[in-house]
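Here is a walk through one structure, taken a piece at a time. Keep the viewer open and follow along.

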Amino acid sequence: MTGAWERLRLVESLVKLPLYSAVGVTSGRLVYSSNVEGVRDLWSLDLSTGSSVRLTRGGVSAVAAVRPNSPLVVYAKDVGAGRELHQVFCVDVWGGEERAIEGMEPRRVFGVEFDGEIVAVSAASERSVELWVMRPGGEAERVHKTRSIIVVSDVGGGKVVGHGVLRGDPRAFELFVFDLESLELEVFTPREGSLNRAPRLWGSKLLFATTAFGRERLVVYDLETKELAEPELRYRDHEGYDFTEYVTYGWTADGRVWFVGKRDGRTRAFVDGREVPLPEGCVTNLVPAGSRVYATHSSLASPHSVYEVDLESGKRRVLLGAELPREAAERIGRAYMVRYKSADGLEVPAFVVESRAAPRPGPTVVYVHGGPWADVADSWNVMIASLAALGYHVVAPNFRGSTGYGEEFRRMIIGDPGGGDLADVVSAAEWARASGLADRVAIMGYSYGGYMTLLALTKRPDVWSAGCAGAGIADWEEMYELSDALYKSFIGVLFAGRSELFRERSPITYVEGLKAPVCIVHPQNDTRTPLRPVLRLVERLLELGKTFELHVIPDAGHAIVKVEDALKVLLPMALFLDRYLRSGGGGRG
Ligand code: 4NP
């Protein structure tokens with residue numbers, strides 16, 4: 001039998017695992033991000049000698065694509081102790097000094113792109129969403145201001161391109177092309193009401209994902225001829241896979257199209273239509289460089305690592321990666337996908353990770369992902385891995401609204417957050433019991449998952465033995481007031497403008513109903529899901545005599561970039577579950 005402290009050590013070993021993600025190749029060096037020194041920073045690896053240098057200190061957030069015509073890496077860095085007040089910096093790949101680009105007051109940067117000369121940024125202040133343009137060593141200039149969501153995805157040839165909610169339809173994304181000479185923003189969509197994402201430039205051509213013709217596919221639009229065409233691919237390995245989503249895509253230096261397609265939570269990667277041979281799981285990023293490809297890969301059972309693949313021979317090796325500690329690997333069991341029926345009959349996909357350290361039926365956690373436009377896939381998730389290592393089976397539903405299962409499914413949450421999605425989460429617990437996996441069930445999530453946790457515990461209290469809410473949402477009304485221009489728009493899109501639902505969909509409205517003990521963990525300086533409304537919820541818990549824990553992570557923000565802060569999220573939750581789920585001391589029993 002493993003004791004509580006040994007179980008905490010397992011969590012510590014998983015949180016401290018070094019993770020790696022490829023950014024790009026230039027000047028014979030692979031730029032990558034890693035938390036190997038305790039915070040997610042940028043590094044560069046000399047591809048001829050294999051030696052690495054650290055490029056940044058103190059953590060980075062958004063990182064621009066690296067270009068073969070420049071030795072610079074451009075990235076955003078939080079200078080507000082987690083408040084997501086970013087400045088844009090650059091550093092050369094040999095590890096020179098980090099230099100800030102002057103002229104932009106720190107603000108939320110949620111898109112940064114670089115063409116080797118010009119940097120384009122989407123950023124938000126309290127009042128507006130903005131486009132900024134700057135050069136390394138020059139002054140930043142604000143070139144566009146709006147209240148809509150606009151996300152930069154590429155810059156080149158005097159144009160900044162991206163997508164956004166530009167015609168006021170919360171279900172749609174249109175593309176924009178911003179001309180750096182005329183300073184005019186042109187909106188383009190192949191079909192009104194369709195979802196169009198992340199255009200990537202090659203000369204006058206835009207490669208992007210669109211739902212204009214049914215299920216998501218990749219198309220190429222020529223800005224000069226105004227013609228829309230399918231990408232031209234030399235090989236046809238991708239045919240027959242029926243991908244529901246294109247995770248990432250782009251152009252090689254010589255103008256061939258590469259992409260990563262996803263279906264049922266697993267991906268396959270292709271360069272010019274030829275498959276890049278990789279193990280089962282998910283590729284989150286792909287960097288083609290000449291005859292080689294650097295792929296960031298992981299699965300529920302293997303942490304993010306970078307593979308180097310030779311396209312001609314198909315030979316691959318792990319260039320950067322860490323092994324799962326053996327004690328944890330031995331306790332993490334089978335990972336597989338199931339589909340279950342929700343209350344209204346909707347079929348909901350979910351990933352299940354069994355624990356070899358739990359009986360069957362045994363203590364189980366419904367893990368709810370954030371976003372809500374995201375999913376749990378066959379890719380590394382330190383929370384899920386920690387739960388399985390601790391001795392809990394995990395059911396992670398891709399509730400309605402999740403991405404990766406088609407546009408119709410993604411849209412089902414718009415105008416109804418905390419409605420049908422809550423029913424899906426409750427049904428996940430019921431499925432876990434009915435299938436013989438669970439004898440008692442807790443719920444856990446971070447961000448939108450923290451919101452669902454609080455809502456499920458208060459509105460559907462009879463389902464749960466315990467719950468852990470990280471960076472949750474307690475009150476949509478107060479949160480909206482505290483949000484900046486980007487998140488006000490985001491909430492507007494999520495609710496489709498139906499602010500009359502705010503009260504009905506807020507956990508604080510149902511706080512009296514709470515039965516199970518709850519563990520609340522929240523970053524002090526979170527500006528996406530602010531702490532203040534959660535403190536008001538906690539005050540109510542105190543008044544009502546409910547069983548709860550509150551852990552505030554000092555000087556941290558919504559995005560956890562430090563390993564130490566990740567421990568401050570997971571260790572209290574692990575200890576709490578040890579008391580209230582493992583020993584069955586919770587509300588439902
Ligand atoms: P996430 O955070 O789950 O980490 O993406 C969120 C922040 C804000 C909102 C939802 C999720 N919101 O609805 O405003």
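H163 is in strand β13, which covers residues 159–164. In this predicted model, H163 is buried, with a relative accessible area of 11%. What does the side chain of H163 reach? It goes to the backbone nitrogen of A198, at 2.9 Å. Leaving out residues up to four places away in sequence, H163 touches a good list of others: I149, I150 and V151, then F173, E174, L175 and F176, and finally N196, R197, A198 and P199. D378 is not in its surroundings: C-alpha to C-alpha, H163 and D378 are 27 Å apart in space, with their positions 215 residues apart in sequence.

**Around the ligand**

Now to the ligand. The residues surrounding it are G370, G371, S447, Y448, W476, M479, Y487, F490, I491, L494, T529 and H558. Sorted by class, that shell has 7 nonpolar and 5 polar residues, and no charged ones. Both α7 and α8 supply at least two residues of the shell, and α8 gives the most, with 4.

Three polar contacts run to oxygen atoms of the ligand:

| Residue | Part of the residue | Distance to a ligand oxygen |
|---|---|---|
| G371 | backbone N or O atom | 2.7 Å |
| S447 | side-chain N or O atom | 2.3 Å |
| Y448 | polar backbone atom | 2.9 Å |

How much of the ligand does the protein bury? Taken alone, the ligand exposes 350 Å², and the protein buries 90% of that.

**Helix α8 and the loop before it**

Helix α8 is worth a look of its own. It is mostly covered, with 7 of its 10 residues buried. Those buried residues are A485, L486, Y487, S489, I491, V493 and L494. The cover over them includes strands β8 (108–114), β9 (119–124) and β10 (129–134), along with helices α6 (448–459) and α7. At the N-terminal end of α8, D484 acts as a cap: one of its side-chain oxygens lies 3.1 Å from the backbone nitrogen of L486. Past the other end, just after α8, A496 takes a positive phi of about 50°.

S483 is in the loop between α7 (476–482) and α8 (485–494). Is S483 buried or exposed? It is buried, with a relative accessible area of 1%. Its side chain reaches the backbone oxygen of M479 at 2.7 Å, and M479 is also among the residues surrounding the ligand. Setting aside neighbours within four places in sequence, S483 is in contact with E126, K488 and I491. I491 turns up again here: it is one of the buried residues of α8 and one of the residues around the ligand.

**Backbone oddities**

Most residues other than glycine have a negative phi, and most peptide bonds are trans. A few places here go the other way. The peptide bond from R360 to P361 is cis, with omega near 0°, and P361 is found in the loop between β29 (347–355) and β30 (362–368). The bond from G371 to P372 is cis too, with omega near -5°. P372 lies in the loop between β30 and α3 (382–390), while G371 is the residue whose backbone comes within 2.7 Å of a ligand oxygen.

Then there are two residues with a positive phi that are not glycines. L183 has a phi of about 60° and lies in the loop between β14 (174–179) and β15 (185–188). D272 has a phi of about 55° and is found in the loop between β22 (266–271) and β23 (274–276). How do they sit with respect to the surface? L183 is partly exposed, with a relative accessible area of 41%, whereas D272 is buried, at 4%.

**Cysteines**

How many disulfides does a search of the whole structure find? The count is 0. Take C519: the closest cysteine sulfur to its own is in C468, 4.8 Å away, which is too far for a bond. C519 is buried, at 0% relative accessibility, and C282 also counts as buried, at 3%.

Notes: Residues are numbered from 1 along each chain as its sequence is written. This is a predicted model: local features need pLDDT of at least 70, side-chain atom pairs count only at pLDDT 80 or more; totals for chains, interfaces and linings use all residues. Side-chain values use heavy atoms; hydrogens and water are left out. Buried means under 20% relative accessible area, exposed over 50%, partly exposed in between (1.4 Å probe, protein chains only). A polar contact is a pair of N or O atoms within 3.5 Å; within protein, one must be able to donate a hydrogen and the other to accept it, and residues adjacent in sequence count only if both atoms are side-chain atoms. Contact means heavy atoms within 4.5 Å. A residue is near a molecule or strand if one of its heavy atoms lies within 4 Å of it. Accessible areas come from the Shrake-Rupley method with a 1.4 Å probe; for residues, only the protein chains shown count as cover. Ala, Val, Leu, Ile, Met, Phe, Trp, Tyr, Cys and Pro count as nonpolar, Asp, Glu, Lys and Arg as charged, and the others, Gly among them, as polar. A disulfide is a pair of cysteine sulfur atoms within 2.5 Å.
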